[in-house]
Amino acid sequence: MSVDEKLSRYAFKASEDRWQAAWEDRQCFSAGEDRDRPKYYVLEMFPYPSGRIHMGHVRNYTMGDVVARYKRARGFNVLHPMGWDAFGMPAENAAMEKKVHPAEWTYANIDTMRRQLKMMGLSIDWSREIATCHPDYYRHEQQMFLDFLEAGLIEQREGWVNWDPVDRTVLANEQVIDGKGWRSGAPVEKRRLSQWFFKITDYAQDLLDALDTLGRWPEKVRLMQSNWIGRSEGLRISFELEDRDDRLEVYTTRPDTIFGASFCAISPEHPVAAQLAADSAVLTEFIEECGKLGTSEAVIEQAEKIGFDTGLRARHPFVNGKTLPVYVANFILMEYGTGAIFGCPAHDQRDLDFARKYDLDVLPVVVPKDTEDFVIGDEAYTGSGRLTNSDFLDGLDVEAAKSEIANRIEAAGHGTREVNFRLRDWGISRQRYWGCPIPVVHCDDCGVVPLTAADLPVVLPDDVSFDRPGNPLDRHEVWKAVDCPKCGKPATRETDTFDTFVDSSWYFARFTAPQADAPTDRNAADYWLPVDQYIGGIEHAILHLLYSRFFMRAMTKTGHAGMDEPIAGLFTQGMICHETYQTEAGEWVEPANIVEGDGNTFIHAETGEPLTVGRSEKMSKSKKNVIDPEDIIKTYGADTARWFMLSDSPPDRDLDWTEAGITGAWRFANRLWRLVENSADSLPTEPTISENAEIRRAIHAAIAGVTEDLEAFHFNRSVARIHELVNTLSDLEPKTDGDVLHEGLEAVTRLIGPMMPHLAEELWKMLGHETLVAESDWPAFDASLLVQETVKIAVQVRGKMRGTIEIANDADQAVAEAAAMALPTVTAALDGDEIKKIIYVPNRIINVIH
RNA sequence: GCGGACGUGGUGGAAUUGGUAUACACAACAGACUUAAAAUCUGUCGGUCGCAAGACCAUGCGGGUUCAAGUCCCGCCGUCCGCACCA
């Protein structure tokens with residue numbers, strides 16, 4: 001860089017160091033419980049310490065920082081903390097692959113990522129930092145487990161897991177690939193294991209109902225949660241079984257189709273299936289085959305639907321002598337309803353596919369209105385209509401038939417109306433080391449015994465090895481050995497740890513008092529909660545957010561909190577994507593190794609191989625299309641990186657990372673810096689009000705617009721408005737327009753404050769201020785300046801644009817008509833025809849119909 | 001498979017929520033400055049036809065509602081997210 005360039009360019013590095021030190025010095029971002037100002041709690045989803053920050057983090061934390069800095073300028077007492085979602089599988093994988101202890105790996109990653117986040121200049125209260133893997137955090141989680149247990153919110157029962165028979169270890173769904181263990185390659189089996197469950201289903205109705213109160217959540221997230229909870233009103237019907245004393249309980253939401261039933265199907269895990277399998281090797285084999293699909297619902301649903309005819313027959317409750325074959329079918333989930341259904345192929349697609357496959361009857365019992373010769377082909381009919389082929393239900397509509405059949409079945413004692421939820425209890429036991437230990441012991445005499453508060457924390461042992469698969473806690477005889485809290489005899493510790501979703505279900509509460517001796521300090525929690533603005537990826541729309549909502553209720557029930565809903569406002573951001581590059585052999589190549597060849601081609605920087613450019617995809621290590629934020633910040637500065645993150649793409653949509661985009665942002669930062677640099681000396685020292693109404697309108701319209709956009713999360717629009725204002729100000733002559741330029745530059749500087757905080761401080765100083773933008777108020781606008789005297793409105797003839805007219809604001813229809821008719825394009829389009837109607841929307845449009 | 005979203009110039013996108021489609025930015029092209037390049041500044045920039053005025057076409061595809069549709073409704077196509085042990 002030449003001397004000349006140094007003089008004409010914004011020296012971001014010095015600036016960033018200077019202002020970050022100034023903020024730190026003055027403790028600008030430390031939060032206290034100031035009751036004189038309204039509080040505002042801004043939170044971004046805390047990161048998993050995977051190694052280095054990625055662009056997704058940069059985008060997420062930039063958005064949160066814009067909100068935090070903006071709200072601070074608006075006079076709010078802002079809490080904006082940061083922490084680490086530090087337990088999880090990657091640390092154990094690293095331990096196996098790189099022979100490094102999970103704790104060491106995790107804490108080193110945290111140090112790196114904290115340093116990187118600080119480079120961004122975020123307005124975070126770092127004194128509140130927490131890491132979920134630290135005993136100071138997880139001891140409180142253990143305490144709450146004990147409290148929840150006592151409050152009846154937890155129970156222990158058996159649950160299914162994916163079992164790798166070769167590695168003799170439990171696998172996560174993502175570790176099962178095509179039905180095989182990812183390391184061993186062995187076909188997985190389903191196994192029953194004793195597990196702890198949070199009874200989230202006790203709150204199913206409440207979690208559903210309360211969605212209506214979450215007005216500042218995206219509609220799509222509320223809808224997804226609502227569907228996930230999946231309330232259904234149906235009927236539990238008890239079928240008699242031929243040659244058996246017991247009955248088969250099925251659950252259905254379409255009892256009206258009972259006369260179209262042609263089979264029953266039960267889950268491979270249904271007790272009846274197990275019983276029959278005891279005497280049937282073929283059925284046993286079939287059930288084992290189903291188990292190879294693992295526990296993933298997505299896999300089960302996508303697998304080919306297969307069944308096994310048990311030979312059992314269920315008696316139809318209303319048709320004398322009619323019996324239905326009972327199948328064991330791989331798509332029936334034991335977790336939903338009763339684990340058994342009756343199938344009506346004509347009116348359910350899955351049942352129809354099954355019936356066609358096994359050649360079962362397809363009898364339509366609901367016919368759409370005004371239809372003759374109704375037949376079912378390859379598509380089931382699930383719409384409304386009249387009942388037919390259904391004895392006493394004939395002629396009724398679907399709703400009436402549902403009600404009638406329910407009445408009859410209840411009266412006959414063959415079943416009951418039942419509300420069901422798709423939502424299942426939350427299994428929290430994990431057979432892994434790097435998680436929060438579950439604070440219970442197993443005693444031969446007393447059974448499962450919870451520890452007491454005095455025994456906490458149960459700390460993970462450090463001396464563990466990962467040289468073989470399985471949970472190291474399980475083989476740690478010293479750590480496991482403990483005296484039973486009840487009888488004092490030797491007992492063993494529970495070796496399962498918590499699902500990491502437990503850690504992230506209450507961290508927002510812990511941030512309100514991170515040093516408290518109890519899980520929360522109610523004074524602080526009641527002051528700060530709920531989170532006013534939460535920001536994170538859409539991928540967490542269901543599980544993390546639903547678990548957190550449950551957890552808050554559980555904390556309230558046990559006295560650790562005082563409200564049900566932890567998150568008042570939610571925003572879900574899009575992902576960061578980048579083009580992908582591949583060699584002819586199909587190997588992925590990093591963007592750093594790409595150079596442009598002749599024409600529109602790209603070649604490998606080192607090997608010179610020709611490369612194909614693939615479409616933009618989510619940045620991922622596997623496709624090597626990642627850009628390291630630290631490289632970008634070092635090259636262009638934090639403000640440029642932040643500005644690019646906010647420009648162009650709407651925050652809820654995916655953002656395409658491009659070289660052109662980041663250099664464009666860099667050029668803008670410099671352009672603005674030069675504008676102030678070149679005009680600062682010519683500006684009046686005492687602010688005066690300019691007579692230039694046009695420019696002042698532009699300035700105040702920008703302030704009004706940016707304010708509105710920031711409130712609505714339209715950051716890309718704020719950026720466009722700031723571009724426009726800077727373009728306008730650039731055209732001014734500092735010597736003659738000094739007063740209005742001064743007003744404009746002061747406004748721009750404060751408007752970019754939340755987005756490019758270092759540059760804003762730098763410009764503020766250049767404009768002669770000794771205060772900090774970080775401690776300044778948000779600029780106000782004068783609404784009276786925004787009113788325009790005349791408006792330009794569109795003129796249409798029969799809905800087609802024919803020109804525009806400029807008339808007075810709120811002009812009468814007569815004025816608008818006269819102006820419109822005077823347009824040659826209008827008279828030409830009318831061609832002498834009679835005018836039938838004129839539609840006039842003041843300040844918008846006039847439409848002449850002929 | 002089920003549930004949820006998204007689709008506008010060469011590119012990212014804007015559109016007062018049913019009222020002038022393409023703001024703002026990028027890329028490209030032309031010019032100025034420069035020995036030259038970079039940087040910077042100025043101009044052009046949806047498509048077709050036309051010297052021009054202008055006309056016609058265009059918001060994934062096909063229908064519909066309306067004086068008026070990117071926006072609302074119906075049906076397709078494509079892409080993405082979630083599916084309970086990844087975080």
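**Exercise 1. In which strand does E240 lie, and what surrounds it?**

Before we start, a word on the ground rules: this is a predicted model, in which local features need pLDDT of at least 70, side-chain atom pairs count only at pLDDT 80 or more, and totals for chains, interfaces and linings use all residues. Residues are numbered from 1 along each chain as its sequence is written, chains are lettered from A and ligands numbered from 1 in the order in which they are written, and side-chain values use heavy atoms, with hydrogens and water left out.

*Solution.*
- Step 1: E240 belongs to strand β10 (residues 231-240). Strands (E, at least two residues) and helices (H or I, at least four) are DSSP runs, numbered from the N terminus.
- Step 2: its relative accessible area is 34%, so E240 is partly exposed. The scale runs from buried (under 20% relative accessible area) through partly exposed to exposed (over 50%), using a 1.4 Å probe and protein chains only.
- Step 3: leaving aside neighbours within four places in sequence, E240 is in contact with R247, R313, A314 and R315; contact means heavy atoms within 4.5 Å.
- Step 4: A314 is 74 residues away along the chain, yet its C-alpha atom is separated from that of E240 by 5.7 Å.
- Step 5: the side chains of E240 and R247 make a polar contact at 3.2 Å. Such a contact is a pair of N or O atoms within 3.5 Å; within protein, one must be able to donate a hydrogen and the other to accept it, and residues adjacent in sequence count only if both atoms are side-chain atoms.

**Exercise 2. Is N420 buried or exposed, and which residues is it in contact with?**

*Solution.*
- Step 1: N420 sits in strand β18 (residues 415-421).
- Step 2: its relative accessibility is 10%, so N420 counts as buried.
- Step 3: the N420 side chain has a polar contact of 3.2 Å with the side chain of E418.
- Step 4: beyond neighbours within four places in sequence, the contacts of N420 are G230, R231, S232, Y251, Y336 and G337.

**Exercise 3. Why is the pair of Y636 and W666 edge-to-face?**

*Solution.*
- Step 1: rings of Phe, Tyr and Trp (its six-membered ring) pair if their centres lie within 6.5 Å; planes under 30 degrees apart count as stacked, over 60 as edge-to-face and the rest as tilted. The count by this rule is 42 aromatic pairs.
- Step 2: the ring centres of Y636 and W666 are 6.1 Å apart and their planes meet at 65°, so this pair is edge-to-face.
- Step 3: the pair links distant parts of the chain, with Y636 in helix α19 (residues 629-636) and W666 in helix α21 (residues 659-679), 30 residues apart.
- Step 4: Y636 and W666 are both buried.

**Exercise 4. Which residues come nearest to RNA strand B?**

*Solution.*
- Step 1: 68 residues lie around RNA strand B, and N173, R432, R667, R717 and N847 come nearest. A residue is near the strand if one of its heavy atoms lies within 4 Å of it.
- Step 2: of the atoms of RNA strand B that come within 4 Å of the protein, 64% belong to sugar and phosphate.
- Step 3: helix α23 (residues 715-730) gives the largest share of this surface, six residues.
- Step 4: an N or O atom in the side chain of D85 is 2.9 Å from a sugar or linking oxygen of RNA strand B, while for T500 a side-chain N or O atom is 3.3 Å from a phosphate oxygen.
- Step 5: a polar backbone atom of S429 is 3.4 Å from a base nitrogen of RNA strand B.
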